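Biologist: I should like to learn how to read a protein model, feature by feature. Would you please guide me through one?

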Amino acid sequence: MTDQPTSILPGGGGFGSPEPAQTRPNRRPLTWNPGTDVGLLLLRFAVGGTFFAHGMQIVTGMWGGQGLAGFTRVLEGFGYQQAPALAWVAGLTALVGGALVVLGFLTPLAAVGLLALMINSVAVKIGNGFFIASPAGADAVELDVVLGLSAAALALTGAGRIALDRNRTWNLRPAPWGVLMLIVGVTAAVLVLVLLR
């Protein structure tokens, strides 16, 4: 006789043969860790803080900004219709959306608003080149791509536990809410490009 099994069925295939005991490795349950929460907080400060500052430049002209009149001229130069109203919308989206992302409040909605701004920015500047260190300088899209994708990442991950959204459904189960909000944000950005440019 050999030690080889005579059947391909579990337990040797005979009737009444006991099933082999299934063993599972002992694993720690998946939980949030402080590193993730602090990392998301830092990402929120970087992304939201940058947009908030840019929104202040647009709406108030602070920190060397061009103000609403100057930003309206920029939008007109890119071929946007209804530039004065669009300047207000863009400025307030950057200002309020940036503040909400920093605070971690309504994060998926705020983040996709910021993403929509960056989609439009990339769409109108894509011909200038990618790298800021190129001759195009500040008109390149490198920073816009990084900020837009970071905003999209925050929509999908949620704000973390160091946030006002801490116990909200969209923060506890961020993926479905993030995907829904990404669809809304991308659709809004495309509609602005198609209808107002």
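Modeller: The turns below take up the features of this structure one by one. This is a predicted model, in which local features need pLDDT of at least 70 and side-chain atom pairs count only at pLDDT 80 or more, while totals for chains, interfaces and linings use all residues. Residues are numbered from 1 along each chain as its sequence is written, and side-chain values use heavy atoms, with hydrogens and water left out.

Biologist: How many helices and strands does the protein chain have?

Modeller: Helices (H or I, at least four residues) and strands (E, at least two) are DSSP runs, numbered from the N terminus. The protein chain has 7 helices and 0 strands, giving the pattern α-α-α-α-α-α-α along the sequence.

Biologist: What percentage of the residues counts as buried?

Modeller: Buried means under 20% relative accessible area, exposed over 50%, and partly exposed in between (1.4 Å probe, protein chains only). Of the 197 residues in the protein chain, 32% are buried. Contacts, meaning heavy atoms within 4.5 Å, can also be sorted by sequence distance. Among those between residues at least 6 apart in the protein chain, 59% join residues at least 24 apart.

Biologist: How should one read a single helix, and which residues of H1 are buried?

Modeller: An α-helix has 3.6 residues a turn, so residues three or four places apart point the same way. Helix H1 covers residues 34-60, and its 27 residues reach 37 Å from the first C-alpha to the last, close to the 39 Å expected at 1.5 Å a residue. That expected span is 1.5 Å times one less than the number of residues. The buried residues of H1 are Asp37, Leu40, Arg44, Val47, Gly48, Phe51, Gly55, Met56 and Ile58. Their cover includes helix H2 (67-77), helix H3 (83-103), helix H4 (107-125) and helix H5 (142-157). Ala53 also lies in helix H1, but is partly exposed at 27% relative accessibility. The C-alpha atoms of Ala53 and Ala94 are 8.2 Å apart, although 41 residues separate them along the chain. Just after H1, Gly61 has a positive phi of about 80°.

Biologist: How many salt bridges does the structure hold?

Modeller: A salt bridge is a side-chain nitrogen of Lys or Arg within 4 Å of a carboxyl oxygen of Asp or Glu. The structure holds 2 salt bridges. One joins the side chains of Arg161 and Asp37, at 3.0 Å from N to O. Because Arg161 lies in the loop between H5 and helix H6 (169-172) and Asp37 in helix H1, this pair ties together parts 124 residues apart in sequence. Arg161 is partly exposed at 35% relative accessibility, whereas Asp37 is buried at 3%. Another salt bridge joins Asp144 and Lys125, with the closest N and O atoms 2.8 Å apart. Asp144 lies in helix H5 and Lys125 in helix H4, so this pair ties together parts 19 residues apart in sequence. Both Asp144 and Lys125 are buried.

Biologist: Which residues form an aromatic pair, and how is the pair described?

Modeller: A pair of aromatic rings is described by the distance of the centres and the angle of the planes. Rings of Phe, Tyr and Trp (its six-membered ring) pair if their centres lie within 6.5 Å; planes under 30 degrees apart count as stacked, over 60 as edge-to-face and the rest as tilted. The structure holds 1 aromatic pair. Trp170 and Trp177 form this edge-to-face pair, 6.1 Å centre to centre with 70° between the planes. Trp170 is partly exposed at 21% relative accessibility, and Trp177 is partly exposed at 35%.
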